[in-house]
Amino acid sequence: MLSDKRILLIITGGIAAYKSLDLIRRLQERGAKVRAVLTNGGSQFITPLAVGALTGDTVFTELFDREAEHDVGHIRLSREADLVVVAPATANIMAKMAHGLADDLASCVLLANDKPVLVAPAMNSKMWSHPATQRNVAQLKADGLHFVGPNAGEMAEKGEAGYGRMSEPLEIVVAIEDLLSPKDLPLKGKRIVITAGPTHEPIDPVRYIANRSSGKQGYAIAEAAAEAGAQVTLVSGPTILADPKGVETIRVESANAMLAAVECALPADIAIMAAAVADWRVAHDSNQKIKKDGSGLPPALNLVENPDILKTVGHLQDKRPKLVVGFAAETNDLIANARGKLERKGADMIVANDVSPENNVMGGDNNTVRLVTHGGVEDWPKMGKDEVARQLVQKIAELS
Ligand SMILES: Cc1cc2nc3c(=O)[nH]c(=O)nc-3n(C[C@H](O)[C@H](O)[C@H](O)COP(=O)(O)O)c2cc1C
């Protein structure tokens, strides 16, 4: 959940500081990178050595530090984080934050900060309920800071109980995950089936008919759709590419196998058929390697038409996805061919590209596409395939 997220943990001077050592471990277990700032108060309760041993990084303690400040460390620290967490947060640090004081490294970092802040207060229940503290909390909430806890329970002071205990490390982790989990993703909750790559149509056990498709564009679309929150199934012909992150990838060889895998992956909200499916296959592929027969004549390859996957999906009765997108790789009459495909195949959009050899699209890293819909044609400039994928996903999110 927190893979590669950078957390700046500010530990201030409360008894609960020992729990922050456990918090560091829990965050690291989830893939987060943790850096720590320790106040003078904090270092009365836990040592910079213990914190640094856990974070595996410098522990920042001093504002006027010649080493850290040669590149203005108090500004840089929050710039290099995704989230600032103050745990435990003393009554003192909350008062300083609420009033904009900046008299040590922690308060300076918090004032110079432009990242979200999560505060985990920890203090005696009388300190927590004091009107001054409550005013400061209200001010900080109004300033947009996030809070977790405090919880009710026994205090460190014998016989005292009430609100003021710091939330447990795992509760703080949940609050952090909630703050850092992407919201409002344009394709959240959508199921998408994508095809990519070529197909291989067997002639015999060692030979096949193939094409030059690398699968790069379809894989980039699958990754961009997953990043946009969609649940993606990628049905891929043979490629040398690694499975895209966050995508269920099903690998097939032939057009028939690709159609079967697509049908299995339905129902879906959106289908993006980017694979370069072979139009023909050998009617009866040999289960033994075909040998020269000495006549000097090549073997006759009797070809039959493959199923048209885009057309099949575009004309499904019950399971037709709401949005069906096809690709047209053409070397001539690009728009006329794409318009024809749009009608014949029952698609909502055709992404047309000119795959003439001089454009180096097949296998290359760039693409110049034209989007053909029933509403008209949109010309896109030459872009990297990753960028085409991102913009296409944006477009699809608008249409779906
Ligand atoms: C033994 C002891 C325990 C303390 N525990 C807390 C505490 O849990 N919460 C709190 O707000 N202050 C606590 N304090 C007071 C703070 O350490 C004090 O306000 C300090 O100035 C905080 O500095 P800092 O916010 O810069 O870390 C405690 C003080 C002592 C001596």
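Visitor: What does D104 form a salt bridge with, and how far apart are the closest N and O atoms?
Guide: D104 pairs with K96, and their closest N and O atoms are 3.4 Å apart. A salt bridge here is a side-chain nitrogen of Lys or Arg within 4 Å of a carboxyl oxygen of Asp or Glu. This is a predicted model, where local features need pLDDT of at least 70 and side-chain atom pairs count only at pLDDT 80 or more, while totals for chains, interfaces and linings use all residues. Residues are numbered from 1 along each chain as its sequence is written, and side-chain values use heavy atoms, with hydrogens and water left out.

Visitor: Is K96 buried or exposed?
Guide: K96 is buried, at a relative accessible area of 9%. Buried means under 20% relative accessible area, exposed over 50%, and partly exposed in between (1.4 Å probe, protein chains only).

Visitor: How many salt bridges by this rule?
Guide: The count is 22. Among them is the one between D82 and R6, with the closest N and O atoms 3.2 Å apart. That pair links distant parts of the chain, 76 residues apart: D82 is in the loop between α3 (73–79) and β4 (83–89), and R6 is in strand β1 (residues 6–11). Helices (H or I, at least four residues) and strands (E, at least two) are DSSP runs, numbered from the N terminus. D82 counts as partly exposed at 23% relative accessibility, and R6 does at 33%.

Visitor: Which residues are linked in a network of salt bridges?
Guide: D22, R26, E29, R30 and E177.

Visitor: Switching to pockets. What is the volume of the largest pocket?
Guide: About 1200 Å³. On a 1 Å grid over the protein atoms alone, a pocket is an open set of points where a 1.4 Å probe fits, with protein on both sides within 12 Å along at least five of seven lines; lining residues have an atom within 4 Å of a point. Grid points are joined across faces, edges and corners, and the volume is the space filled by probe spheres set on the points.

Visitor: Which residues lie nearest its centre?
Guide: A275, A276, V277, A329 and M362, out of 45 that line the largest pocket. The largest share of that lining, 4 residues, comes from β17.

Visitor: And the second largest pocket, how much space lies there?
Guide: About 520 Å³. The second largest pocket is lined by 16 residues, with M1, P182, L185, A226 and E227 closest to its centre. α9 gives the most to this lining, with 3 residues.
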